[in-house]
Amino acid sequence: MCTYLTEKIRMDGAAKGASGWFTVTDGMVYVDHPYHACQEHTVNIDLTNPAEGPSARVAIELTEEAALALVDAINKALAAAPPGLASAAGRSASL
Amino acid sequence: MTDAMWAGTVAVTGHEGAELEAYAARPLGSSPHGGVVVIHHMPGYDEATKEIVRSFAAHGYAAICPNLYSREGAGVSPDDQAAAARAKGGVPDEQLVGDVAGAAAYLKGLEHANGKIGVIGYCSGGRQTFLAACSLRIDAAVDCYGAFVVTAPPADFPLTAEPLISRAADLSCPLLGLFGADDKFPSPEEVDVLAAELDKLGKEHEFHVFPDAGHGFFATDRPNYRPAAAVEGWKKVFGFFGRHLAA
């Protein structure tokens, strides 16, 4: 099936795509057919910068288990670091 | 009689004069041939869809698949175009109709065209095939597992896809529907509803629901590929177009 449902989020960071590094401003998460992964449905994550055009995109297609493991790993990594260390609010504080 | 073909990228004029990239294939022989517009699935204008276009040419048709996501930029890879189009809510119905009309006009302008046009689409392209057949004067249409023709999508559905069944009275040509018994979008129940509506309206149609097949059973590059359904399905397609697109 095509679920079409898409979670959109504003992002702040950087990613390396086919044409090099770019600033990431937007993200999308959806469960649907993958483009490349050999599975009928995957959790698809796009990190994009629409202002730089459609090619400013990093695409990830994960199994449900892998996606949940990624969420868990992100949470563990953040929990292990001092609170606010990677926060956008910390940019000026670190100067 | 020759089985040689030409295939490659061409430009066609789509909705509101937009220039679209398209992939076309046609026999090199000089006998008259019908035209087939192929509507790609939601993941976009990919290699598997181009193979479908060549399959039609190998069977004696001039075929073309317009890249419905061409507006996302030239030189952008098809998967990035598909993601960008999705983020914008997909292809508006009106735009789709204009793009299919442009692709059909391209086929009708070819030297050996017999003037007949069929449309076939897969997944979201199945719904769009029904839309095109209710909006344009064409000669045959094949809906391969198109969802949201009968029922509305979920409430938080971000794309511009409304049910089309209320437009069934405008269906301009015979319709072949190929569906999977295990599919949920569309479910066999939805297929039955559409068949009943077309019966009521006296619209010529032929529906097949293949056992042990779900959504996307024609897609040879995906795990849902079901050879038995796909082989039988292709036979139905060529039989149907053979009856309705002959000169």
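## Two chains, two open sheets

In this predicted model, 19 residues of chain A are in contact with 24 residues of chain B. The two chains bury about 2100 Å² between them, and 62% of that area is on carbon and sulfur atoms.

**The interface**

Between chain A and chain B there are 3 salt bridges. One of them joins Arg57(A) to Asp79(B), with the closest N and O atoms 3.6 Å apart. The count of residue pairs in polar contact across the two chains is 6, both partners being at pLDDT 80 or more. On the side of chain A that touches chain B, strand β2 (residues 20–32) gives the most, with 3 residues. That side of chain A divides into 10 nonpolar, 4 polar and 5 charged residues.

**The sheet of chain A**

Chain A has an open sheet of 4 strands. Their order is β1-β2-β3-β4, with antiparallel pairing. The edge strands are β1 (7–17) and β4 (57–62), each pairing on one side only. From one strand to the next, the twist averages 30 degrees.

Inside this sheet, β2(A) and β3(A) (residues 42–48) run antiparallel and are joined by 7 bridges. Gly27(A) stands opposite Leu47(A) of β3(A). A helix from the other chain also meets this sheet: α2 of chain B (residues 78–87) packs on it and touches β1, β2, β3 and β4 of chain A.

**The sheet of chain B**

Chain B has an open sheet of 8 strands, with mixed pairing and the order β1-β2-β4-β3-β5-β6-β7-β8. Strands β1 (5–13) and β8 (205–210) of chain B each have a single partner strand, so one side of each is left without a neighbour in the sheet. Neighbouring strands here are turned by 20 degrees against each other on average, direction ignored.

Strand β7(B) (residues 175–180) pairs with β8(B) in the parallel sense, over 6 bridges. Within that pairing, Phe179(B) has Val209(B) as its bridge partner.

**Helices on the sheets**

The table sets out the helices, the strands they meet and their angles.

| Helix | Strands met | Angle |
|---|---|---|
| α1(A), residues 64–80 | β3 and β4 of chain A | about 115 degrees to β4(A) |
| α2(B), residues 78–87 | β1, β2, β3 and β4 of chain A | about 70 degrees with β2(A) |
| α4(B), residues 124–135 | β3, β5, β6 and β7 of chain B | about 140 degrees to β5(B) |
| α5(B), residues 188–201 | β7 and β8 of chain B | about 165 degrees with β8(B) |

Notes
Residues numbered from 1 in each chain as written. Chains lettered and ligands numbered in written order. Predicted model: local features only at pLDDT ≥ 70, side-chain atom pairs only at ≥ 80, totals over all residues. Heavy atoms only, no water. Contact = heavy atoms within 4.5 Å. Buried area = accessible area lost by both parts, 1.4 Å probe. Salt bridge = Lys/Arg side-chain N within 4 Å of Asp/Glu carboxyl O. Polar contact = N/O pair within 3.5 Å; in protein donor to acceptor, adjacent residues only side chain to side chain. Helix = DSSP H or I, 4+ residues; strand = E, 2+ residues; numbered from the N terminus. Nonpolar A, V, L, I, M, F, W, Y, C, P; charged D, E, K, R; others polar. Pairing = 2+ DSSP bridges. Axes fitted to C-alpha atoms, helices over the stretch in contact; angles between N-to-C directions.
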